[in-house]
Amino acid sequence: MLFDPRPKTSRLELFDREKELTLLDRAAERGEPLVLVLGIRRIGKTSLLRSFLEEWRGIYIDMRGVSSLAELYSRISDGITSHLGKLRDIVKSIRGIRVLGAEVEIRWRGRDSISLVGLLEELNKHDKRIIIVFDEAQLIRPPISIEVKRAIAYAYDNLENITIVLSGSEIGLLREFIGTDNPDSPLYGRYALELLVERFTPQMSRDFLEKGFMEQGIRPSKDLIEKAVNIFDGIVGWLVYFGKSYIDGVRDFNRILDAVINLAAKELENLRPREKLVLKAIAEGASTWSSVRRYIEEKEGVTVPKSTLTRIIKKLEKLSIIQDYRFLDPIYHRAASRLRIK
Ligand SMILES: Nc1ncnc2c1ncn2[C@@H]1O[C@H](COP(=O)(O)OP(=O)(O)OP(=O)(O)O)[C@@H](O)[C@H]1O
Ligand SMILES: [Mg+2]
């Protein structure tokens with residue numbers, strides 16, 4: 001079902017993304033060592049990656065919320081478990097891994113344990129391409145990030161059957177995490193193939209919504225579809241939210257829009273007060289560095305040091321919330337206007 005809010009996991013469920021799947025398939029066939037899949041929140045990265053893996057031997061590792069080594073290995077074991085059909089023969093003989101029926105157990109500390117590097121080395125031995133996906137890789141922090149980066153660099157240099165895919169919605173932070181241009185990073189100087197997942201065109205959004213509603217035997221008015229196409233700006237996660245709410249019986253567009261904006265505002269609430277203030281300034285029309293500064297100083301009665309403001313703007317860009325004083329997602333724009341800053 002197109003309006004299923006969970007990430008899609010198969011190519012049959014996926015709307016379009018033919019070009020992206022072809023690029024990923026080609027990269028895997030060529031044995032590309034490192035691929036970056038970049039895109040703003042809700043643009044469909046996870047769905048693309050999981051559907052891509054359907055046709056390959058691979059492990060999908062979700063790095064959201066991973067803050068300890070125990071969690072890292074538990075996500076890796078989830079990743080292997082969910083692809084066990086294709087991986088069983090390869091992992092069953094690896095020391096440190098036990099296959100228990102439909103699940104796997106990884107011993108990562110103590111006797112007979114296996115490290116991430118060790119696991120990648122074992123996976124590499126089988127002369128079959130294996131894809132390892134780290135989704136939202138930019139979120140991990142030291143010391144786990146160091147372990148992961150070292151493993152990636154090791155695989156890059158030594159393990160020709162492994163393709164690593166890193167994905168993230170905070171594009172600047174992901175680039176920083178990889179650090180291919182940072183001499184202190186283990187991945188310094190490595191080339192990575194990049195794929196930017198783009199928003200749907202208005203025509204694709206229209207087709208997506210019509211197809212989704214058709215699956216449910218519902219035909220909303222053309223006006224309503226056009227409104228959604230315009231407001232959600234090709235961001236598939238919002239289109240799904242809208243479609244799902246509508247088929248669940250919420251027929252008032254403004255109510256759905258309100259819920260969506262509130263959701264985005266909750267996400268922005270996690271930012272620091274000054275970061276929110278900058279977003280509010282931009283949402284209310286400030287479109288240059290000095291107009292943002294003036295807005296903050298006049299409206300809120302606080303002074304912001306020059307370097308602080310520059311740093312905040314850079315950070316908001318790295319988080320892929322804004323670029324060149326514009327919001328990348330129009331829903332975040334609306335949400336930022338609603339922010340209340342203490
Ligand atoms: N090509 C697609 N066809 C159909 N549905 C899609 C497609 N891409 C994404 N979706 C749907 O859109 C929503 C968001 O997708 P997904 O979680 O894959 O995006 P994401 O970029 O990984 O988001 P986040 O940044 O929040 O992790 C989900 O409901 C998913 O099912
Ligand atoms: Mg995702």
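Start at G301, which sits just after helix α13 in this predicted model and takes a positive phi of about 65°. Then extend the selection back over α13, residues 289-300, and compare its two ends: the end C-alpha atoms are 16 Å apart, which agrees with the 16 Å that 12 residues should span at 1.5 Å a residue.

Two other residues with a positive phi can be selected next, and neither is a glycine. As background, most residues other than glycine have a negative phi. The phi of R17 is near 65°, and R17 is placed in the segment before α1 (18-30). D324 has a phi of about 50° and is found in the loop between β8 (322-323) and β9 (326-327). Is R17 buried or exposed? R17 counts as buried, because it has 20 C-beta neighbours inside 10 Å. D324, by contrast, is exposed, with 8 other C-beta atoms within 10 Å.

Stay in the segment before α1 and select L14, which is also placed there. L14 is buried, with 21 other C-beta atoms within 10 Å, and, leaving aside residues up to four places away in sequence, L14 touches K8, S47 and S51. If you draw a distance from the C-alpha of L14 to that of I322, the viewer should give 28 Å, for a pair that is 308 residues apart in sequence.

Two of the residues that L14 touches, S47 and S51, lead on to helix α2 (45-53), where both are listed among the buried residues. How many residues of α2 are buried? The helix is mostly covered, with 9 of its 9 residues buried: K45, T46, S47, L48, L49, R50, S51, F52 and L53. To see what they pack against, show α1, β1 (34-38), β2 (57-62), β5 and β6 (162-168) around them.

Now select ligand 1 together with the residues around it. There are 22 of these residues, and F15, G44, T46, S47 and G237 come nearest. Colouring the shell by class gives 8 nonpolar, 6 polar and 8 charged residues. Both α2 and α10 (236-247) supply at least two residues of this shell. Why does ligand 1 lie between domain 1 and domain 2? Domain 1 (18-196) and domain 2 (202-251) both give residues to the shell, so the ligand lies between them.

Colour the protein by domain next, which adds domain 3 (271-338) to the two domains just named. The centres of domain 1 and domain 3, taken over C-alpha atoms, are separated by 34 Å. The contact between these two domains takes 7 residues from domain 1 and 6 residues from domain 3, and the side of domain 1 that touches domain 3 is made up, by class, of 3 nonpolar, 2 polar and 2 charged residues.

Helix α11, residues 253-269, is the next selection. It has 17 residues and reaches 24 Å from its first C-alpha to its last, close to the 24 Å expected at 1.5 Å a residue. Which residues of α11 are buried? They are I256, L257, V260 and A264, and because they cover an arc of only 100° around the axis, they are on the same side of α11. Turn the helix to its other side, and N254, R255, N262, K266 and E269 are exposed. The cover over the buried residues includes α9 (222-232), α10 and α15 (330-338), and α10 is one of the helices already met in the shell around ligand 1.

Two stops remain. Select P142 and P143, which are joined by a cis peptide bond with omega of about 0°; P143 lies in the loop between β5 (130-135) and α6 (144-158). For comparison, most peptide bonds are trans. Finally, go to K306, which is found in helix α14 (residues 306-318). K306 is exposed, with 10 other C-beta atoms within 10 Å, and a line drawn from its C-alpha to that of D4, 302 residues apart along the chain, spans 45 Å.

Terms used. Residues are numbered from 1 along each chain as its sequence is written. Chains are lettered from A and ligands numbered from 1 in the order in which they are written. This is a predicted model: local features need pLDDT of at least 70, side-chain atom pairs count only at pLDDT 80 or more; totals for chains, interfaces and linings use all residues. A residue is near a molecule or strand if its C-beta atom, placed from the backbone, lies within 6 Å of it. Helices (H or I, at least four residues) and strands (E, at least two) are DSSP runs, numbered from the N terminus. Ala, Val, Leu, Ile, Met, Phe, Trp, Tyr, Cys and Pro count as nonpolar, Asp, Glu, Lys and Arg as charged, and the others, Gly among them, as polar. Domain bounds come from an automatic or database domain assignment. The expected span of a helix is 1.5 Å times one less than its number of residues. A residue is buried if 20 or more other C-beta atoms lie within 10 Å of its own, exposed if 12 or fewer, and partly exposed in between; C-beta atoms are placed from the backbone. The arc is that of the directions from the helix axis to the C-beta atoms.
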